Amino acid sequence: MPFDYLEESGRVKQSCEALSITPTHRLLIVSIRRQELALLCDGEIQRIFRISTSKNAPSCLADSYGTPTGLHTAADKIGDGAPPGMVFKGRVATGQHFSDFPQDAQLRNLITTRIIRLRGLEPGINSGDGCDSYERYIYIHGTNHEERIGEPFSGGCVEMLNADVVELFDATSEGDLVWICP
């Protein structure tokens, strides 16, 4: 049976109700299994993007390098107006495109183009001691390894093609809900 983003959005509503959170107009649904991210507005799928999540198993635990699951919010948007391929370190633009970095640095997953930093909303699951997505610096961001998009490859973040992360960044706001499912 194919993955149903609209059915999954129903699970988000249940989670919001349990946490006394008002659902947002826009919703991002990340499917780790499908390596896809869907952008929904008012319950309608606007776009589905290919992504890359962690090469490790999904996990909310600190130091697991797994992509955390559950309900999150887009806490911070960083990099508005930066050119595609700009590398960020410590959430600050370096002023360099990833191709300007030495070859050995380019082997690593670099954080490029835009950052949407996620904050977990489920205490004890993806928020709080030992499992906090925000403290783990979990982002949706561009990558210098676009050829790997569509397969698990990251260190826990949700990676996207640089052009796609610009499109998503421009289409979303801080506070939008993000649901990450296995």
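## Cores, a helix and selected residues

The largest nonpolar core has 19 residues, and the members that touch the most others are L37, I140 and L168. Two or more residues of this core come from each of β1, β2, β7 (111-120), β9 (158-160), α3 (162-171) and β10. The greatest contribution is that of α3, with three residues. Apart from this core lies another one of 12 residues, including V12, I29, W179 and C181. In soluble globular proteins, nonpolar side chains tend to be buried together. The model described here is a predicted one.

What does L37 touch, leaving aside neighbours within four places in sequence? L37 is in contact with L28, I29, V30, R47, I48, F49, I51, I140, V158 and L168. Two of these partners, I140 and L168, are named with L37 as the core members that touch the most others.

### Helix α1

Helix α1 covers residues 5-19, which makes 15 residues. From the first C-alpha to the last, α1 reaches 21 Å, close to the 21 Å expected at 1.5 Å a residue. Its buried residues are Y5, E8, S9, V12, S15 and C16. They lie on the same side of α1 because they cover an arc of only 110 degrees around the axis. Which residues are carried by the face turned away from the buried side of α1? That face has the exposed residues K13, Q14, E17 and A18.

The buried residues of α1 pack against five strands: β1 (26-31), β2 (36-41), β3 (44-50), β4 (70-78) and β10 (177-181). One of the buried residues, V12, is also among the members of the core of 12 residues.

At the start of α1, D4 places a side-chain oxygen within 3.0 Å of the backbone nitrogen of L6. Just after α1 comes S20, with a positive phi of about 55 degrees. S20 is not a glycine, and it sits in the loop between α1 and β1. The relative accessible area of S20 is 70%, so S20 counts as exposed. Y65 is another residue other than glycine with a positive phi, near 55 degrees. The place of Y65 is the loop between β3 and β4.

### Cysteines

How many disulfides are there? The count is zero. C41 is in no disulfide, and the nearest cysteine sulfur, in C16, is 15 Å away. For C60, the closest cysteine sulfur is that of C131, at 6.8 Å, which is too far for a bond. A disulfide needs the two sulfur atoms within 2.5 Å. C41 is buried, with 18% relative accessibility, and C60 is buried as well, with 11%.

### Three further residues

T112 belongs to strand β7. Is T112 buried or exposed? T112 is buried, because its relative accessible area is 0%. Not counting neighbours within four places in sequence, T112 is in contact with G85, M86, V87, F88, F98, H141, G142, T143, N144 and N162. Two of these contacts involve polar atoms of the T112 side chain. This side chain reaches the backbone nitrogen of T143 at 2.8 Å, and a polar contact of 2.6 Å joins it to the side chain of N162. Q96 is 16 residues from T112 in sequence, and their C-alpha atoms are 9.8 Å apart.

Q106 lies in helix α2 (residues 103-106). With a relative accessible area of 18%, Q106 is buried. Beyond residues up to four places away in sequence, Q106 touches F98, S99, F101, N144 and H145. Among these, F98 and N144 are also contacts of T112.

P182 is in the segment after β10. P182 counts as exposed, since its relative accessibility is 60%. Leaving aside neighbours within four places in sequence, P182 is in contact with S31, I32, R33 and T69. The C-alpha atoms of P182 and A57 are separated by 9.1 Å, although the two residues are 125 residues apart along the chain.

The table lists relative accessibility for several of the residues discussed.

| Residue | Relative accessibility | Class |
|---|---|---|
| T112 | 0% | buried |
| C60 | 11% | buried |
| C41 | 18% | buried |
| Q106 | 18% | buried |
| P182 | 60% | exposed |
| S20 | 70% | exposed |

Definitions and conventions
Residues are numbered from 1 along each chain as its sequence is written. This is a predicted model: local features need pLDDT of at least 70, side-chain atom pairs count only at pLDDT 80 or more; totals for chains, interfaces and linings use all residues. Side-chain values use heavy atoms; hydrogens and water are left out. Helices (H or I, at least four residues) and strands (E, at least two) are DSSP runs, numbered from the N terminus. The expected span of a helix is 1.5 Å times one less than its number of residues. Buried means under 20% relative accessible area, exposed over 50%, partly exposed in between (1.4 Å probe, protein chains only). The arc is that of the directions from the helix axis to the C-beta atoms. Contact means heavy atoms within 4.5 Å. A polar contact is a pair of N or O atoms within 3.5 Å; within protein, one must be able to donate a hydrogen and the other to accept it, and residues adjacent in sequence count only if both atoms are side-chain atoms. A nonpolar core is a set of buried Ala, Val, Leu, Ile, Met, Phe, Trp, Tyr and Cys residues joined through side-chain atoms within 4.5 Å.
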